[in-house]
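Me: I would like a close look at a single part of this protein, worked through step by step and then set in its surroundings. Please take one helix and explain how its residues are arranged.

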Amino acid sequence: MRKKTVLPLRVSEELQQRRTAPDYIVAVLREAIYEGSLEDGAILNQVAVAEHFGVSRVPVREAMRQLQAEGLLSAEAHRRPIVRRLTLERVMEIFDLRAMIEGYLVEKAMPNIDEKVIAQLAGFIELMHEPLDHNAWLSLNAEFHQALYEPSDATTALELANQLRGRAERYLRMWSEGQGIHRNAEATREHERILEYVRNGDVASARREVEQHILHTRDEAVRMYRNQRPKAIVEPAG
């Protein structure tokens, strides 16, 4: 009798009830990849994944195709899907794309940002000045950016920005041994400048400040990589 493979995946009954099988499997696998439970180079066996979720291989194949399209799994023909490794160059490219997309989002959003949104953004910044642990600050940071970009109504760009942010954060955690980048004070000051430009209706300056905000994190990620020299990133770009 074949031994059942144990996968490092969390199963949420609440999430499972709200989604179709492929969507649910995508969400769980994506989270496991972002958190590092599924490491770079991990091979995913469709049979084992199907058994883990108690489904046929059909929704698993659909989920794998979605994750391949997002760039999280390899897409080589006639081979099992593998969690894709990223080089420093590709991670830098992710940040460059984030800068372009998030700059575009704030430009699209600004005509629709009202006093209520401005007050919400100011509230997030005020909380960021409090003595918070890093994870709490990161949560506020994510809420700030989401509130800033949502008035754009640019659904595709919002989805892309969120995907790219998740992929970048995976490697920031990996390279820092789970600590992430700690530039809370500097980033909060950048948020204040972004809000000031938004409040004054200065679209060009707001876009420029958002782009620089992302690129400053990119530069810190490069410094971190070169200091740590992580073993996980071993394959050349290809």
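Reply: The expected span of a helix is 1.5 Å times one less than its number of residues. The model is a predicted one, and the helix chosen here is α6, which covers residues 115–128. With 14 residues at 1.5 Å a residue, α6 should span 20 Å, and because its end C-alpha atoms are 20 Å apart, the model agrees with that expectation.

The next step is to ask which residues of α6 are buried. A residue counts as buried when its relative accessible area is under 20% and as exposed when it is over 50%. By that reckoning the buried residues of α6 are Val117, Ile118, Leu121, Phe124, Ile125 and Met128. Seen down the axis of the helix, these buried residues fall within an arc of 120 degrees, so they line one face of α6. The spacing along the sequence can be read with a general rule in mind: an α-helix has 3.6 residues a turn, so residues three or four places apart point the same way. On the other side of α6, Glu115, Lys116 and Glu126 are exposed.

As for what lies over the buried face, the cover of the buried residues of α6 includes α7 (134–149) and α9 (184–199). The N-terminal end of α6 is capped by Asp114, which places a side-chain oxygen 3.2 Å from the backbone nitrogen of Lys116.

One of the covering helices, α7, also holds His145, which at 2% relative accessibility counts as buried. Leaving aside residues up to four places away in sequence, His145 touches Glu102, Arg165, His191 and His213. With His213 there is also a polar contact, in which the two side chains are joined at 3.2 Å.

To set α6 in the whole, the protein has 10 helices and zero strands, and 45% of its 238 residues count as buried. Among contacts between residues at least 6 apart in sequence, 74% join residues at least 24 apart.

Elsewhere, a search of the whole structure finds one aromatic pair, formed by Tyr24 and Phe53, which meet edge-to-face at 5.7 Å centre to centre with 85 degrees between the planes. Tyr24 lies in helix α2 and Phe53 in helix α3, so the pair ties together parts that are 29 residues apart in sequence. Tyr24 is buried, with a relative accessible area of 2%, and Phe53, at 8%, also counts as buried.

Notes:
Residues are numbered from 1 along each chain as its sequence is written. This is a predicted model: local features need pLDDT of at least 70, side-chain atom pairs count only at pLDDT 80 or more; totals for chains, interfaces and linings use all residues. Side-chain values use heavy atoms; hydrogens and water are left out. Helices (H or I, at least four residues) and strands (E, at least two) are DSSP runs, numbered from the N terminus. Buried means under 20% relative accessible area, exposed over 50%, partly exposed in between (1.4 Å probe, protein chains only). The arc is that of the directions from the helix axis to the C-beta atoms. Contact means heavy atoms within 4.5 Å. A polar contact is a pair of N or O atoms within 3.5 Å; within protein, one must be able to donate a hydrogen and the other to accept it, and residues adjacent in sequence count only if both atoms are side-chain atoms. Rings of Phe, Tyr and Trp (its six-membered ring) pair if their centres lie within 6.5 Å; planes under 30 degrees apart count as stacked, over 60 as edge-to-face and the rest as tilted.
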